[in-house]
Amino acid sequence: MLKKILIALAVIVIGIQFIPVNRTNPPVTQEIDAPSNILSILKTSCYNCHSNKTSWPWYSYVAPVSFLVSTDVENARKRVNFSEWDKYDEKKKAKKIDAMIEDIEAGDMPLPMYTIVHPEAKLDPEKIKMLKDWATSNKEKEKPLRYEKEDEKD
């Protein structure tokens, strides 16, 4: 009986390898405009899921892990895609950066499961502060423009 179960399990594991999985990298339309130090952090800790420059490791070709990796990347790109930054208006860009900082500060990003396999993606307090300072400085740059627009309406 155990032998039959193992054979059936082997057939299933081999069979699921033939289920197609989307591992594409669409073209980059516009990268996020950020200073080189910030861009370096984003590329190390975020880009693998949140861009069209995903590096598909060997385990992303082995089911059932391939299903998880592909789904995670697809969902991450829907949430924010640093390779399609031109598709967001200024308000949406600001909201995405705010959400990114919230997720990072909460320890939700990068995903803990991801950092197990990619320890270089972990964000230490210094990098978190750099990202937060950058996000805050972007907000401060936008405020005068908002006030000017409001003044023009009067």
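Trainee: Where is Ser-45 found?
Mentor: Ser-45 sits in helix H2, which covers residues 36-45. Keep in mind that this is a predicted model.

Trainee: Is Ser-45 buried or exposed?
Mentor: Buried. Its relative accessible area is 7%, and the cut-off for buried is under 20%.

Trainee: What does Ser-45 touch, leaving out residues up to four places away in sequence?
Mentor: Pro-110, Glu-120, Ala-121, Lys-122 and Leu-123.

Trainee: Pro-110, then. Where is its place in the chain?
Mentor: Pro-110 lies in the loop between H5 and helix H6, the latter being 112-117.

Trainee: And the peptide bond from Met-109 to Pro-110, cis or trans?
Mentor: Cis. Omega is near -15°. Most peptide bonds are trans. The bond from Ala-63 to Pro-64 is cis too, with omega near 5°.

Trainee: Where is Pro-64?
Mentor: In the loop between H3 and H4.

Trainee: Let's step back. How many helices and strands does the protein have?
Mentor: Seven helices and zero strands. Along the sequence the pattern reads α-α-α-α-α-α-α.

Trainee: What percentage of the residues is buried?
Mentor: Of the 154 residues, 34% are buried. The protein exposes about 10400 Å². Carbon and sulfur atoms supply 61% of that area.

Trainee: What about contacts between residues at least 6 apart in sequence?
Mentor: Of those contacts, 71% join residues at least 24 apart.

Trainee: What is the average pLDDT?
Mentor: The average is 89, and 90% of the residues score at least 70. Over residues 143-154, though, the pLDDT is below 50. Beyond near neighbours in sequence, that stretch has zero contacts in the model. Where pLDDT is low, the predicted coordinates should not be read in detail.

Trainee: On to H4. What span should its 15 residues have?
Mentor: H4 runs over residues 65-79. At 1.5 Å a residue it should span 21 Å. The expected span uses one less than the number of residues. The end C-alpha atoms of H4 are 21 Å apart, which agrees.

Trainee: Which residues of H4 are buried?
Mentor: Ser-66, Val-69, Ser-70, Val-73, Ala-76 and Arg-77. Viewed down the axis of H4, these buried residues fall within an arc of 130°, so they line one face of the helix.

Trainee: What covers the buried residues of H4?
Mentor: The cover includes helix H3, residues 47-50.

Trainee: How about Asn-75, buried or partly exposed?
Mentor: Partly exposed, at 42% relative accessibility. Asn-75 is in helix H4. Its C-alpha atom is separated by 8.8 Å from that of His-50, and the two residues are 25 apart along the chain.

Trainee: Switching to charges. How many salt bridges are there?
Mentor: The count comes to seven. Side chains of opposite charge can pair when their charged atoms come close.

Trainee: Which residue does Lys-53 pair with?
Mentor: Glu-31. The closest N and O atoms are 2.4 Å apart. The pair links distant parts of the chain, 22 residues apart. Lys-53 is in the loop between H3 and H4, while Glu-31 is in the loop between helix H1 (2-16) and H2. Lys-53 is partly exposed at 41%. Glu-31 is also partly exposed, at 22%.

Trainee: Which residue in H4 forms a salt bridge with Lys-78?
Mentor: Glu-74, with the closest N and O atoms 3.5 Å apart. The two are four residues apart in helix H4, so about one helical turn separates them. Glu-74 is partly exposed at 40% relative accessibility. Lys-78 is exposed, with a relative accessible area of 60%.

Trainee: And what does Arg-79 meet in a salt bridge?
Mentor: Asp-103, at 2.8 Å from N to O. This pair links helix H5 (residues 90-105), which holds Asp-103, to helix H4, which holds Arg-79. They are 24 residues apart.

Trainee: Asp-103, buried or exposed?
Mentor: Buried, at 17% relative accessibility. Its partner Arg-79 is partly exposed, with a relative accessible area of 46%.

Conventions:
Residues numbered from 1 in each chain as written. Predicted model: local features only at pLDDT ≥ 70, side-chain atom pairs only at ≥ 80, totals over all residues. Heavy atoms only, no water. Buried < 20%, exposed > 50% of the residue type's maximum accessible area, 1.4 Å probe, protein only. Arc of directions from axis to C-beta. Contact = heavy atoms within 4.5 Å. Salt bridge = Lys/Arg side-chain N within 4 Å of Asp/Glu carboxyl O. pLDDT = per-residue confidence, 0-100. Areas by Shrake-Rupley, 256 points an atom, 1.4 Å probe, with all protein chains shown as cover.
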